[in-house]
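Me: I am new to this structure and would like to learn how to read its features one at a time. Could you take me through them slowly?

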Amino acid sequence: MSNRTYLTTPIYYASGEPHLGHAYTTILADAFARFARQAGDRVLFLTGTDEHGQKIQEEANRRGVEPIELCDEMAERFRDAWDLLDIGYDRFIRTTEAEHIAIVQSFVQRLYDRGYVYAGEYSGWYSVSQERYFTEKEIGPDRVDPIAGKPVEWVEEENWFFRMSAFQEALIAHIEANPDWIRPEVRKNEILGFLQQPLGDLSISRPKRRLRWGVELPFAPEHVAYVWVDALINYVTASGAIPAGTRPDDPAWDDVADSWWPADMHLIGKDILTTHAVYWPTLLMGAGLPLPRCILAHGWWVVGDTKMSKSLGNVVDPLQLRETFGGDAVRWYLLREMPTGSDASYTPERFLVRYDELANVFGNLAQRSISMIGKYRDGVVPDGPADGLDAAIDSTLSSVAASLSSYRLHEALATAMDLARTANGYVEEREPWAQAKDAARASDLDETLATLARVLGVLAALFHPVCPERAEELARRLGLDGVPTLDGARNDEPGGRTVHPGEPLFPRVQL
Ligand code: MSP
């Protein structure tokens, strides 16, 4: 990993409340951000809300409020949800911020000045739900958008176009030269497949008479920017590469080295792959800015075997789960259950299976170890050798590092949990309760307890990015001054430290 990591989530539409899907992406990004900080990186972790466009305008009309009122309320909802779920973002961007609006205007003006924008007529099938056009083939005979399954509308209007087609070859070359640029592999192939057809140009404006709620185009004040163009630019705004007020021909555009741009990773769901892997890189090429280093598209959460949707009334509320099980359990479930990149199905049964794993393996190890240190050594970790599990710790750390470098987070977590399992096996094998009965085996017992204290420190560090709250509590109970780094925990000499027993880390839940 580099020593500077800029990670982004999609910015969520301010037309609805945060649900399990939004929470997943954001928690995934948060865990990556925390792993990166743990490795010593400087991190910029960006999230926010997407506040312009037809979808927002229509929802505001439906509620009888001004669009900005709706956005203010929803931005707050998202922030509150992220606080409750312990998301440590560094910047929350709103596309209605003056700074962002100025940068969008400068960006599109620059595309215009560089000769990549022209006026034309557009007609096609538009999905308000996805805020994009779909082809006849994509919408099928029922004329519904293929992602949300909602009806599309026929739109004919004069638009400004971005010459996206001019960058088709360059984009294909970039993908081929950088095989890890779009992850996972299936998503890369999906985009390469898409690029086998001639790439059309992109309509980047909407006439104000149809849509007022957007960023005015400086070269065509009767139009606002297409919401996806506005939204994607948020990643540049937040990077600080182009300060607000920078003119479209300013040399700042050619030298972004002192900023966070380019992003190291755009985390997205597979539903918005085309906008991120085709529209966005070509827009950046048009503006002459470097491309993000990686796009990681994850899969889709379904409920049982049905799509999660408001109209079906099966939307899972992560905050309600948190009320019952705690935020760390929600985070664990989402990240452990979904193979990073694939789809997964939410069921209450699977949630309980994952919760039990936290409680019975990790929680139980912590509980029994700390209570034995209390009972047999008056709450002070003995000075014996603490290396009884070092081989297991070392192989865990190297396999976690390998999983993380290929962004297989669920696998890293499974490995961490296996270390707790191994440590429980070590307890069974060493039988500290028997060692405690035999004065001649006092030094064996010292070794057992010191080894457990060391491995718990390592587990606190490993679980910290996913279960920050409980990991901090575990560190406190171990008498540590905060959660250690992985290296610190691996080489820790816990002897002499006073532990603080408490209630189980993951208590039994009454349903
Ligand atoms: N506003 C656009 C993104 C603009 S980014 C420049 C948008 N917003 S959204 O509110 O619809 O959020 C979409 C994202 O939420 C998906 O890409 C995904 O990350 C997450 N999810 C929403 N529903 C989901 C599931 N059911 N399952 C997994 N993640 C999903 O698109």
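Reply: Let us begin with a single residue in a loop, keeping in mind that this is a predicted model. R143 is found in the loop between helix 5 and strand 6 (153-162), and its phi is near 55°, a positive value in a residue other than glycine.

Me: Which residues does a cis peptide bond join, and what is omega there?

Reply: One cis peptide bond joins R183 and P184, with omega at about -15°, and P184 has its place in the loop between strand 7 and helix 7. Another cis peptide bond joins W261 and P262, where omega is about 0°, and P262 sits in the loop between helix 9 and strand 12.

Me: How should I read a sheet, and in what order do the six strands of the open sheet stand here?

Reply: The general idea is that strands of a sheet pair through backbone hydrogen bonds, either parallel or antiparallel. In this structure six strands form an open sheet in the order 3-2-1-12-13-7, and the pairing is parallel. Its edge strands are strand 3 (91-94) and strand 7 (182-183), each of which pairs on one side only. To follow one pairing in detail, take strand 1 and strand 2 (residues 42-50), which run parallel and are joined by eight bridges; Y6, for instance, stands opposite L44 in strand 2.

Me: Where can I look for antiparallel strands?

Reply: Strand 11 (residues 220-225) is a good place to look, since strand 9 (residues 205-207) runs antiparallel to it and is joined to it by three bridges. Strand 10 (residues 216-217) also runs antiparallel to strand 11, with two bridges between them, and strand 10 and strand 11 form a hairpin with two residues between them. V224 in strand 11 is the bridge partner of R206, and E216 too stands opposite V224.

Me: Turning to the ligand, which residues come nearest, and which elements give two or more residues to the shell around it?

Reply: There are 24 residues around the ligand, of which I11, T25, D50, D271 and W301 come nearest. For polar atoms, read the distances one by one: a nitrogen atom of the ligand is 2.8 Å from a polar backbone atom of I11, an oxygen atom of the ligand is 3.4 Å from an N or O atom in the side chain of H22, and a backbone N or O atom of G269 lies 3.0 Å from an oxygen atom of the ligand. The protein covers 94% of the 670 Å² of accessible area that the ligand has on its own. Two or more residues of the shell come from each of strand 1 (4-13), helix 1 (20-38), helix 8 (227-232), helix 9 (234-239) and strand 12 (265-269), and the largest share, four residues, comes from strand 1. By class, the shell divides into 13 nonpolar, nine polar and two charged residues.

Me: How do I read a pocket, and what volume does the second largest pocket have?

Reply: The general idea is that rolling a probe the size of a water molecule over the atoms shows where empty space is left. Here the second largest pocket has a volume of about 860 Å³, and of the 32 residues that line it, R132, Y133, T135, E138 and F194 lie nearest its centre. Among the elements that each supply at least two residues of this lining are strand 4 (117-127), helix 7 (185-194) and helix 10 (273-287). The lining has 15 nonpolar, eight polar and nine charged residues.

Methods. Residues are numbered from 1 along each chain as its sequence is written. This is a predicted model: local features need pLDDT of at least 70, side-chain atom pairs count only at pLDDT 80 or more; totals for chains, interfaces and linings use all residues. Side-chain values use heavy atoms; hydrogens and water are left out. A residue is near a molecule or strand if one of its heavy atoms lies within 4 Å of it. A polar contact is a pair of N or O atoms within 3.5 Å; within protein, one must be able to donate a hydrogen and the other to accept it, and residues adjacent in sequence count only if both atoms are side-chain atoms. Accessible areas come from the Shrake-Rupley method with a 1.4 Å probe; for residues, only the protein chains shown count as cover. Ala, Val, Leu, Ile, Met, Phe, Trp, Tyr, Cys and Pro count as nonpolar, Asp, Glu, Lys and Arg as charged, and the others, Gly among them, as polar. Two strands pair if DSSP finds at least two bridges between them. On a 1 Å grid over the protein atoms alone, a cavity is a set of points where a 1.4 Å probe fits but cannot get out, and a pocket is an open set with protein on both sides within 12 Å along at least five of seven lines; lining residues have an atom within 4 Å of a point. Grid points are joined across faces, edges and corners, and a volume is the space filled by probe spheres set on the points.
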